[in-house]
Amino acid sequence: MAAGFWLLVLVAVVGFLMALVLNHFLPLFLKYGLALKGTFGWPIIGETLGFLQPHSSNSIGTFLQEHCSRYGKVFKTHLFFCPTVVSCDQELNYFILQNEGKFFQCSYPKPIHGILGNLSMLVAVGETHKRLRNVALSLVSITKSKPEFLQDIERIAVQILGSWKGKPKVIFRGEARKFTFNVIVKLVLGLTPEDPETAKILEDFLTFMRGLISLPICIPGTAYARAVQARSRISSTVKAILEERRRNNVGDSPRKRSDFLEILLSVDALSEDEKVSFVLDSLLGGYETTSLLMATVVHFLSHTPPALDQLKQEHQKVRSMKQKDEKLNWEDYKRMDFTQNVINEALRYGNIVKFVHRKALKDVKFKGYLIPSGWKVLPVFSAVHLDPSLHANSLQFHPWRWESQDQTLCKKYTPFGGGPRCCPGSELAKVEVAFFLHHLVQNFRWRSEADDQPMAYPCVEFQRGLVLNLEPCSSNPLQPFQSGE
Ligand code: HEM
């Protein structure tokens with residue numbers, strides 16, 4: 001009797017394992033499954049571990065190197081539990097991004113939906129995505145026309161740099177995060193670092209961020225479960241702020257503020273939950289990526305003295321054209337040509353976003369490649385950014401390459417994605433970096449350590465947080481903003 005039971009268990013376990021293996025390899029034998037070169041790796045996990053192997057963010061890593069040389073720039077594999085097509089081909093990547101909603105669709109792993117919620121712009125599709133996106137684009141364009149927004153960015157940069165006075169070294173990743181968080185919380189919610197809600201949002205936000213890169217196990221106590229709770233607490237805080245604003249705005253209130261939230265309140269196209277989700281998207285989108293961009297710029301500059309010299313000269317020139325203590329404006333930003341080249345090059349060479357997640361909505365044939373419907377598709381931006389056939393001396397940080405190229409129309413340069421999902425915050429991120437650099441290069445010299453490199457895990461992070469050894473430039477002491485400015 002007992003032997004019969006165990007035999008049954010054994011048959012069930014073997015049957016289950018065989019079903020998993022079959023399920024893993026089955027897509028190979030369905031339509032187009034064998035059309036592309038590549039391998040599905042191990043049952044269930046496929047080649048995920050190899051794909052996620054850390055490597056320097058200004059290289060494509062061993063996995064892509066080996067696979068591209070064995071199978072070509074487009075190959076099949078099995079990643080994140082899905083049959084997958086990986087594309088390192090600039091034409092195919094461009095085609096994927098441009099055909100969002102038609103042949104391909106944004107498809108982030110399910111656990112990310114669990115944390116972000118289905119109303120997040122990063123995961124929403126179709127009409128909901130369009131509505132959220134239109135609001136984002138109109139809000140971002142307002143940033144340019146409102147001098148207060150630019151002054152807030154500059155004020156926060158000066159505050160952070162002012163706090164470096166007398167310090168021999170700083171951990172730059174932390175400083176950059178402080179800067180981008182304070183900027184985005186001010187722009188979106190009108191909060192300053194001193195407001196009590198700011199610290200509360202920051203604490204919950206950090207828990208939320210940790211959950212995004214954790215194992216998706218939703219049982220109490222795990223980082224994932226804590227992130228889901230943190231998201232709901234941030235939602236409540238944002239809802240309370242929205243409510244208070246509504247109360248204050250009754251009639252012709254003198255307490256009306258100038259931030260995204262004020263405009264968001266008057267948008268009828270979005271429900272209350274969509275507005276809250278929109279605020280979260282802005283915090284999430286505007287925080288980690290922008291602070292990483294700042295860190296990669298500072299890191300690459302410290303290893304490229306001629307670029308740093310030229311950048312410094314440009315900012316001294318901008319400053320010399322202004323009155324003492326006069327604040328930076330949009331025209332100044334537009335004058336910072338070399339700064340733009342440095343930022344563009346750091347985005348190309350540093351590869352903050354290595355790839356994006358898509359899935360094929362139907363069978364797609366492009367340039368002889370056959371992509372089966374339902375498969376995951378990963379356009380890898382870093383492979384295109386570092387391709388020596390597309391960018392001369394691609395493995396060198398060389399900002400001058402952008403002097404003769406229009407990066408905005410370029411298929412071979414997509415640090416902000418492309419097509420209908422192209423990042424709405426790209427310009428805001430660049431202004432933040434440019435304004436911070438303006439004060440940094442005029443007030444400090446710095447050295448970073450050779451072994452403190454940006455690594456793709458695949459999220460980019462510096463091995464030691466980017467330690468900067470500082471030396472103040474005596475000629476240009478920081479001019480603190482007057483209170484109330
Ligand atoms: C250096 C800084 C940044 C980088 C490298 C970056 C990169 C990207 C990329 C590659 C995408 C496309 C994702 C996809 O196609 O699946 C994206 C989308 C997005 N980004 Fe950014 N981003 C940056 C800054 C910002 C900022 C400052 C904000 C907001 C204030 C922001 C908000 C968003 C949002 C809301 C989306 C979703 C857009 C959509 O799906 O329509 N990003 N970003």
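## The nonpolar cores

A nonpolar core is a set of buried Ala, Val, Leu, Ile, Met, Phe, Trp, Tyr and Cys residues joined through C-beta atoms within 7 Å. In this predicted model, the largest such core has 84 residues. Ala157, Val188, Leu293, Val297 and Val433 have the most contacts inside it. Helix H12, residues 272-302, supplies the largest share of this core, with 15 residues. A second core stands separate and has 27 residues. Leu64, Leu97, Ala383 and Val384 are among them.

Take Val188, one of the residues with the most contacts inside the largest core. Leaving out residues up to four places away in sequence, Val188 touches Asp259, Phe260 and Leu261. Val188 also touches Val279, Ser282 and Leu283.

## Around the ligand

How many residues surround the ligand? There are 24. The closest are Gly285, Gly286, Gly417, Cys423 and Gly425. Three elements give two or more residues each to this shell: helix H6 (126-145), H12 and H17. H12 gives the largest share, seven residues. H12 also gives the largest share of the 84-residue core.

By residue type, the shell divides into 14 nonpolar, seven polar and three charged residues.

## Cys423

Cys423 is one of the closest residues to the ligand. UniProt, in an unreviewed entry, places the feature "binding site" at Cys423. The residue lies in the loop between helix H16 (381-385) and helix H17 (426-443).

Is Cys423 buried, exposed or partly exposed? A residue is buried with 20 or more other C-beta atoms within 10 Å, and exposed with 12 or fewer. Cys423 has 18, so it is partly exposed. Setting aside neighbours within four places in sequence, Cys423 is in contact with Phe416 and Gly417. Gly417 is itself among the residues closest to the ligand.

## Strands E2, E3 and E9

Strands of a sheet pair through backbone hydrogen bonds, either parallel or antiparallel. Strand E3 takes part in both kinds of pairing. Strand E2 (residues 74-79) pairs with E3 in the antiparallel sense, over six bridges. Within this pair, Thr77 stands opposite Thr84. E2 and E3 form a hairpin, with two residues between them. Phe80, in the turn, has a positive phi of about 50 degrees.

E3 is also joined to strand E9 (residues 376-379). Here the strands run parallel, and there are four bridges. Val85 stands opposite Val377 in E9. E3 itself, residues 82-87, is mostly covered: five of its six residues are buried.

## A three-stranded open sheet

What is the strand order in the open sheet of three strands? The order is E1-E11-E12, and the pairing is antiparallel. Strand E1 (55-56) and strand E12 (460-462) are the edge strands. Each of these pairs on one side only. Strand E11, residues 454-456, is joined to E12 by three bridges. Met455 stands opposite Glu461 in E12.

## Leu52

Leu52 sits in the loop between helix H2 (48-51) and E1. Leu52 has 14 C-beta neighbours inside 10 Å. That count falls between the cut-offs for exposed and buried, so Leu52 is partly exposed.

How far is Leu52 from Lys102? The two are 50 residues apart along the chain, and their C-alpha atoms are separated by 29 Å.

Terms used. Residues are numbered from 1 along each chain as its sequence is written. This is a predicted model: local features need pLDDT of at least 70, side-chain atom pairs count only at pLDDT 80 or more; totals for chains, interfaces and linings use all residues. UniProt positions are given in the numbering used here, feature names are shortened, and annotations may be inferred rather than shown by experiment. Two residues are in contact if their C-beta atoms, placed from the backbone, lie within 7 Å. Two strands pair if DSSP finds at least two bridges between them. A residue is near a molecule or strand if its C-beta atom, placed from the backbone, lies within 6 Å of it. Ala, Val, Leu, Ile, Met, Phe, Trp, Tyr, Cys and Pro count as nonpolar, Asp, Glu, Lys and Arg as charged, and the others, Gly among them, as polar.
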